[in-house]
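User: Hey, can you walk me through this one? I'll paste it here and fire off questions as I go.
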Amino acid sequence: MNHTIVALVDDKPGVLNRVTSLFRRRAFNIDSLTVGRTETPGISRMTIVVDAEEQNIERLIAYLVKLVNVIQVFNLSSVPTVNRDLAMIKVGANAENRMHITQIVDVFRARIVDVTNTSFIIEITGDEEKIEGFIDVLRPWGIIEMVRTGIVTMARGTTPLYPNGNGNGHLAPSELIKDAEKTYEMRIKGEKIWPR
Amino acid sequence: MKLIGAQILWESLVREGVEVVFGYPGGANLPIYNALLDSPIHHVLARHEQGAAHMADGYARACGKVGVALATSGPGATNLVTGIATAMMDSSPTVFITGQVTSKLIGLDAFQEIDVTGITLPITKHNYLVTDVSEIGPTLREAFYLARSRRPGPVLVDISKDAQQNSTDWEYDDSPFQLRGYHSDIRPVPQDIQKAGEMIQSARRPVILAGHGVLLSGALGELMEFVERTNTPVAMTLLGLSGFPASHPLNLGMMGMHGEACANHAIQDADLLLAFGMRFDDRVTGDLKGFATGAKKIQIDIDIAEINKNVRVDVALIGDLRETLRQLLDCIEPCTHNDWIATIDEYKGDSAIRDIQNMPDDGLLYAPHVISDLWRYTQGKALLVTDVGQNQMWAAQYYKVDNPVSFITSGGLGTMGFGLPAAIGAKFARPDAEVWVVAGDGGFQMTQAELSTAAQEGIKVNVAIINNGYLGMVRQWQEFFYDRRYSATPMRGPDFVKIAEAHGLKGMRVTQRSEIEEAIRSAQEADGTVVIDFKVEQEDSVYPMVPTGAHLKQMIRRPAPNPVLENV
């Protein structure tokens, strides 16, 4: 089954590699992946569509959450969402089929963004089904080239997905060393913790 | 204060509480080694970077502080890889610092340039490439923080040579910092604690599965309190050993493939399993479909990705084991399980009959004799570091560790050659401990060059080589499952006594059981590192054994001239 996962990640070099390596390492296959900036500087948003069983998705999300550069992860598979994919399709166009193609473009609420004597570039946004349908209809006219962005997803309603992506406060190192030494003492001084 | 990157590095290490580092210099970390001379930190020169990595790992496991290893770029860094992976699989808090070529040359296949952060991506908890001198201080703070917090693990920091050499204004910053994507404060849901408490209270045949988490979170006292209050028997994972005293009547010993029969039977018969900081490794569970089918399962782990990974659990408590056990103890009344413990005692009796220790002496020297005598003459108080293979399993079975955190071994990755260097690291962590290495003749030869490190440092670790002239564990599998076709397992080793002597160290050879005591005693009295070559029975096997694909009750037991699967 397809699952849509949204991950908020640090906008740093190598982060995309960390995420995709994880999918490879844990033997998951990515269907579609998009990355882009968010309204918060320094945070990117990934929309990942992955085909996996429910049980494995839980595990995958746990691994994603563990990545230090991954701030938050959401599984949007079971909530109402708006999904959009964008495609640019270059089709051959001549005097005979021009009108036909233009009508189809209107019906699908797509847009012609480039015109030459022999071709159109058509832009269409929508969910996956709509775009697949559009491509099927265009195919007989001769698709020269096509590019798609992959799906981006947003949950419906006013609540933002995340409260501005802030983490907890962390201890200063001096306290951490003290902590480690405390644990060390508990670990080593057997007579104290093992009363027998 | 104006400092160069290399000085910032050593100053940061001092601030993180580092007293000793293990490493190997080279072209791309020359500035770091130059600044080392002005630092109070002691540097141990390993003979191979893998050795340095295991030393840092052994150090960390022995004392709980972060172990640090250094290497140069290219081959220096790639030589660390096995050691880093070992630390990763066993959650050992370590920081690895590698030199990298000058940032302008990165990506141009310069001399000794390799993509270290790329190579180590799947075997580190996190890693960094630093090319800006001002980033060295903050990055090291993060690195140490990540290495020691939550589920510990290795963090690698790759620093370009120009970043080491450039200078910047730097003051140590001790203020709390934030990592947006990393929360160390993870606590279980109170309702789940309540639910777990009720399950524990009503269980009739509970068993605790104690793992490495007990040691890592320092939950030894809490575990003891839990066991004593609920009278629940404890089975240990390999890495859980020394998290609970072996001599305690409720300790069942190790579980799993080469676990005690009584532990495996108890797990299969249980109605409640309490997984404390363990991850249901395949060497522990046997066939998953047949694993403890009648038992409800409660798992406490700080790593959310371990929950439901191999075994579905009924209640998951995600958080620090020590804190969680404390909360759990608050809602548990004392209880007894006398019938259950009596049943387990019957299994124990059966095991004793099959134990080679209780069989008539046939004049041969068996590895279990060696380990058992080592246990006797060290009063079970040694800090034992093992290599990997039969020697490791015999050590786990026959060295009944009673001291906390005194059994160090490569469990997850099963890295041959781990023993000697890890022991050297452990000795630096606990100079007063009597450190013993148990290694096979195969594994010992993989890193025996580190004897030279021990000699140069003048430190004392005693090495017991269980020498059977075979790669014993593989030979055992060939015996059981490949018709005794011993392909590439017979191994003619060197004269280990002379190897020791060539390093200026004492070497001894033992061929009879009657010679064991004297050899151990004289090793204990000797000044430096000692190597004892125990020439043991060549074709002895580790029993019991749960073959792959079998469930825990289907053990091959000793003695069995033609091993058979027993359904008990």
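Analyst: Sure, one term up front: two residues are in contact if their C-beta atoms, placed from the backbone, lie within 7 Å. This is a predicted model, so local features need pLDDT of at least 70 and side-chain atom pairs count only at pLDDT 80 or more, while totals for chains, interfaces and linings use all residues. Residues are numbered from 1 along each chain as its sequence is written, and chains are lettered from A and ligands numbered from 1 in the order in which they are written.

User: Cool. How is chain A divided into domains?

Analyst: Chain A has domain 1 (2–78) and domain 2 (82–196); domain bounds come from an automatic or database domain assignment. Across the boundary, 14 residues of domain 1 of chain A are in contact with 10 residues of domain 2 of chain A. On the domain 1 side that touches domain 2, E1, E2, E3 and E4 of chain A each supply at least two residues. Those labels are DSSP runs numbered from the N terminus: helices (H or I) have at least four residues, strands (E) at least two.

User: In what order do the four strands of chain A sit in the sheet?

Analyst: The order is E2-E3-E1-E4 in chain A, in an open sheet with antiparallel pairing. Two strands pair if DSSP finds at least two bridges between them. The edges are strand E2 (30–37) and strand E4 (70–75) of chain A, each of which pairs on one side only. From one strand to the next the twist averages 15°. Axes here are lines fitted to C-alpha atoms, for helices over the stretch in contact, and angles run from 0 to 180 degrees between N-to-C directions.

User: How many bridges join E1 to E3 in chain A?

Analyst: Nine, with E1 (residues 2–10) and E3 (residues 43–51) of chain A running antiparallel. For a landmark, Ala7(A) stands opposite Met46(A) in E3(A).

User: And which strands does helix H1 of chain A lie across?

Analyst: H1 (residues 15–25) of chain A lies across E1, E2 and E3 of chain A, at about 145° to E1(A). Helix H2 (residues 54–66) of chain A also packs on the sheet; H2 touches E1, E3 and E4 of chain A, and its direction makes about 165° with that of E4(A).

User: Switching to chain B. In which sense do E2 and E3 pair there?

Analyst: Parallel: E2 (residues 20–23) and E3 (residues 42–45) of chain B pair over four bridges. To get from E2(B) to E3(B), the chain passes through helix H2 (residues 30–36) of chain B, a right-handed β-α-β crossover. Right-handed means that, with the strands pointing away from the viewer, the path from the first strand over the helix to the second runs clockwise. Within that pair, Val21(B) stands opposite His43(B). E2(B) also runs parallel to E4 (residues 67–71) of chain B, with two bridges between them; there, Phe22(B) has Ala69(B) as its bridge partner.

User: How many residues of helix H1 of chain B are buried?

Analyst: Eight of the 11 in H1 (residues 5–15) of chain B, so that helix is largely enclosed by the rest of the structure. A residue is buried if 20 or more other C-beta atoms lie within 10 Å of its own, exposed if 12 or fewer, and partly exposed in between, with C-beta atoms placed from the backbone. Among the buried ones are Trp10(B) and Leu13(B). After H1(B) comes Gly17(B), with a positive phi near 85°.

User: What about H22 of chain B, which residues are buried?

Analyst: Ile516(B), Ala519(B), Ile520(B) and Ala523(B), in H22 (residues 516–525) of chain B. Down the axis of H22(B) they fall within an arc of 95°, so they line one face of the helix; the arc is that of the directions from the helix axis to the C-beta atoms. The face turned away carries the exposed Glu518(B), Arg521(B) and Glu525(B).

User: Last one: how many residues of domain 1 of chain B are in contact with domain 3?

Analyst: 24 residues of domain 1 of chain B, against 27 of domain 3 of chain B. H3(B) gives the most to the domain 1 side, with 11 residues. The assignment for chain B lists domain 1 (2–169), domain 2 (190–347) and domain 3 (356–535), and the C-alpha centres of domains 1 and 3 of chain B lie 30 Å apart.
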